[in-house]
Every structure is written in C-alpha cells, then in structure tokens.
Amino acid sequence: MEHEETTPSVAYELRRRILDFWWSAAGQEVTLRMRESTLSRGAIAAVDAAQSMLHVRQLETPIGTYPCATVRATDVLAVEFERPWLLECPLPPPPPPDSGGHTAWVRAAAAAVCPPAASEAPADEARSSAVAPAVACRLLACRGACHEQWDGRRRETHKYWKQRYHLFKSFDKGVLLDREGWFSVTPQAIARHIARRCQSDVIIDAFTGAGGNAIQFARTCSHVIAIDIDASRLRLARHNAAVYGVADRIEFIHGDFLALAPRLAADVVFLSPPWGGPDYASAPVFDLDTMMGGLDGAEILRASLRVAPNVGYFLPKNVDVGRVEELAAELCDGALELEECVGVNSQVKALMAYYGFTEDEEEW
Ligand SMILES: C[S@@+](CC[C@H](N)C(=O)[O-])C[C@H]1O[C@@H](n2cnc3c(N)ncnc32)[C@H](O)[C@@H]1O
C-alpha cells in the first residue's frame, strides 16, 4: 500500500472517529480480555484522551468487583462489546485548511468537545452568550462529571435501574445520572406529556436536575432555559440533552432559581423542586410549604407567577390538594387544573398542577 502522509485533515478525521467511537461506547457493557489471560466484565465509563486508560464501572475481576476502576490500556488485549449500538455524536466542524497543522487542530478540537463554560456563568452572561453548541463529546464531558455519576445498578438505585428505559427511552445511547438523578428524574412518557401541555415560546425549567423534563421541553418549546443550583448535575443535563440531540435548543444556567427569578421572564415556568428524598411518600400528607427539600414550596410558586403567567408544578401524589387550591385562589384567580401523572404499572406517580394556563384549556 502506498504510504500516505497524515495531513491535518486526515488526522482530524481519525481523531473525530475515535472520539465518536468512545463517546458512544460509554455506558456499554464489555468483557475485557486481559494480558494475564483473565476476563473481566464491566461498563465503560470513559477513556482518557490519549486512550491509555479505561475507566470502567462495576469491574468484575477474579478477585472481586470494583465499583469504579481504572485499567491500563496496555494490560488489555481486547475489549468485547456485549451488544451492538448506534454511533451517535454531534461532531465539531473540520479545521480550516490553513489552521497551522496538527497541533492547532488538536487544540481546536479540544475546545470544541469540552462542555462550554457558559453553563457556569452568571445568568446575564449565560443569556447573552451564544447557545451552547451541540458538541458535547461524552469522553471529555465525563471528566468533569465522573465523580458524580452513579451506576444505577448499585443496590440503592437498582429499582430505578430496572426502569431505566421508562426514565429515558434512549438510555443506552449514553444517558448519565448521578445518585439524586436516579431518584428524581421524571420518566420520559410523563415528561413528554407535560411538555406537550406546556408547549410555548419560552419556558423555564427552574429545577432541571439531570434533564428529564428539559429534554422534552426542547421538543415542544422554541426556547428552553434550564436552571439548576448544582453545576455537576447541570453538566449531566447538558450531556443527556446532547444524547437526545437537543442541547443546542436549551440554555443552561447554573444558579439558584429564587435568586435569578426577578431577572427572568417567560411564557411558562415549570417547577420540579426536590421532594426531600424518597421518604416523601411515607408521609400521610405532603406539606407543600415545609417539605420541599428545605425550600418553601408556596414561595417558589409566588416567585414563578411573577416570571410567567403559567406555571406547571410537579408535585408528590400525596400533596395537600387543599393547599394547592388555596394557592391558586390567592395567586391566579383560582385558575388551576390538576392532573394525575401515571407511571409504570398504571400507578399514580405524581400530580401536575397547572396554574394559569387558561387560553388553550379546551384542547386538553
Ligand atoms: C427533582 S430534581 C429535578 C428533576 C428533573 N425534573 C428531571 O426530570 O431530571 C430537583 C433539582 O432541583 C435542584 N435545585 C434545588 N434547589 C434549587 C434552587 N434553589 N434553584 C435551582 N435548582 C435547585 C436540585 O439540584 C435538583 O437537581
């Protein structure tokens, strides 16, 4: 075969393909054939940019199982994937022909695949910046979020792991969750329904979490502003939005919604604040004012109705409905619609309270 010189554009293409491959491979279950003739099973978490180290979750080795392990690539003879999967990754544009050769390109690519800093900028900066490009290479995005990611197969979250395709239909394409994300993400079918109901121009997802709702809003609303107080969870949301191909339609803002609210305006605000952990369900009645994970649930609603005329509030199924109605009477002339959100096994999972939302009511 004739020797071909590795031009910057060929190097670009090769690097693009390998990043694409590892981005897509993350989360896949694999068997590693090791040099010492042993087999180890686990799930790929990430690979360093030089591909010298594999980070593997739940690595089962002959001497035990490691929840998170780093394996030297030189110790691995082969990586066998347990099932085929689709390669899906938005890609950075090729470098211009006169970009100064390989080194310049590598830098450009690194800049392109790193999660943009806008997510952690103060609200004003984030709003004025360009919307984050739809380039979030999982391989490198993993670096920032690695310690927060949670393997859903662990005992604590195994119940949710079994429902992973209800939570995210495209789970296998590389969705990442942290521990709280496993407990709190809105299942995709419910999020999809809420998104249809909240269809509007500008929507604010005030408590974005790992992105279950924001991703669906990106399909029904022209512009989504996704806020979360936890920067690492917001990175997971951005990553998951990229998995669903909608990251470029969402503006991610790191901050406290209540602090940001006076500077925001939208058509709809969606509220899905923390319910204080999985124990919320054991209370006979959920008190909206005091049990919202340390926040005042009524104050959140008041602040939201100053931002938008319509507020969707995702509430626990055992919420005090009398109080929900009382707030509607106090804050929006009683304009309230309640809806049960039904999850797997036809069980009621939550209650949606739509405050305002008067115009298109008959459509629903
Ligand atoms: C129940 S989770 C949201 C789940 C989300 N709807 C989903 O489907 O992935 C609540 C989120 O609210 C965030 N949060 C808590 N207090 C906040 C605040 N004051 N401002 C913004 N986000 C906050 C938490 O970090 C958490 O990610």
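**Ligand shell and nonpolar cores in the predicted model**

The ligand is surrounded by 23 residues, of which Thr186, Asn213, Asp228, Arg233 and Phe257 are the closest. The structure described here is a predicted model. Sorted by class, the shell around the ligand comprises nine nonpolar, nine polar and five charged residues. Two helices, helix 7 (179-184) and helix 9 (212-220), each contribute at least two residues to this shell.

Several polar atoms of the protein lie close to oxygen atoms of the ligand. In the side chain of Asp228, an N or O atom is 2.7 Å from a ligand oxygen atom. The backbone also takes part: a polar backbone atom of Gly212 is found 3.1 Å from an oxygen atom of the ligand, and a backbone N or O atom of Thr208 is placed 3.4 Å from a ligand oxygen atom. The ligand taken alone exposes 610 Å², and the protein buries 94% of that area.

Thr208 merits separate description. This residue is located in the loop that runs between strand 6 (202-205) and helix 9. Thr208 has a relative accessible area of 6%; since the cut-off for a buried residue is under 20%, Thr208 is therefore classed as buried. When residues up to four places away in sequence are left out, Thr208 touches Ala214, Ala226, Ile227, Asp228, Leu234 and Ala237. Asp228 thus appears both among these contacts of Thr208 and among the closest residues to the ligand.

The largest nonpolar core contains 79 residues, and within this core Ile204, Phe257, Leu271, Tyr313 and Tyr355 touch the most other members. Phe257 is also one of the closest residues to the ligand. For Tyr313, the contacts beyond four places in sequence are Leu271, Pro273, Leu288, Met292, Gly297, Ile300, Leu301, Leu351, Met352, Ala353 and Tyr355. A second core, separate from the largest one, consists of 13 residues, including Ala25, Met34, Val71 and Val76.

At the level of the whole chain, the secondary structure amounts to 13 helices and 12 strands. The protein chain has 364 residues, 50% of which are buried. Of the contacts between residues at least 6 apart in sequence, 63% connect residues that are at least 24 apart. The protein chain has an accessible surface of about 17,300 Å², and carbon and sulfur atoms account for 52% of this surface.

Key
Residues numbered from 1 in each chain as written. Predicted model: local features only at pLDDT ≥ 70, side-chain atom pairs only at ≥ 80, totals over all residues. Heavy atoms only, no water. Core = buried A, V, L, I, M, F, W, Y, C linked by side-chain atoms within 4.5 Å. Buried < 20%, exposed > 50% of the residue type's maximum accessible area, 1.4 Å probe, protein only. Contact = heavy atoms within 4.5 Å. Near = heavy atom within 4 Å. Polar contact = N/O pair within 3.5 Å; in protein donor to acceptor, adjacent residues only side chain to side chain. Areas by Shrake-Rupley, 256 points an atom, 1.4 Å probe, with all protein chains shown as cover. Helix = DSSP H or I, 4+ residues; strand = E, 2+ residues; numbered from the N terminus. Nonpolar A, V, L, I, M, F, W, Y, C, P; charged D, E, K, R; others polar.
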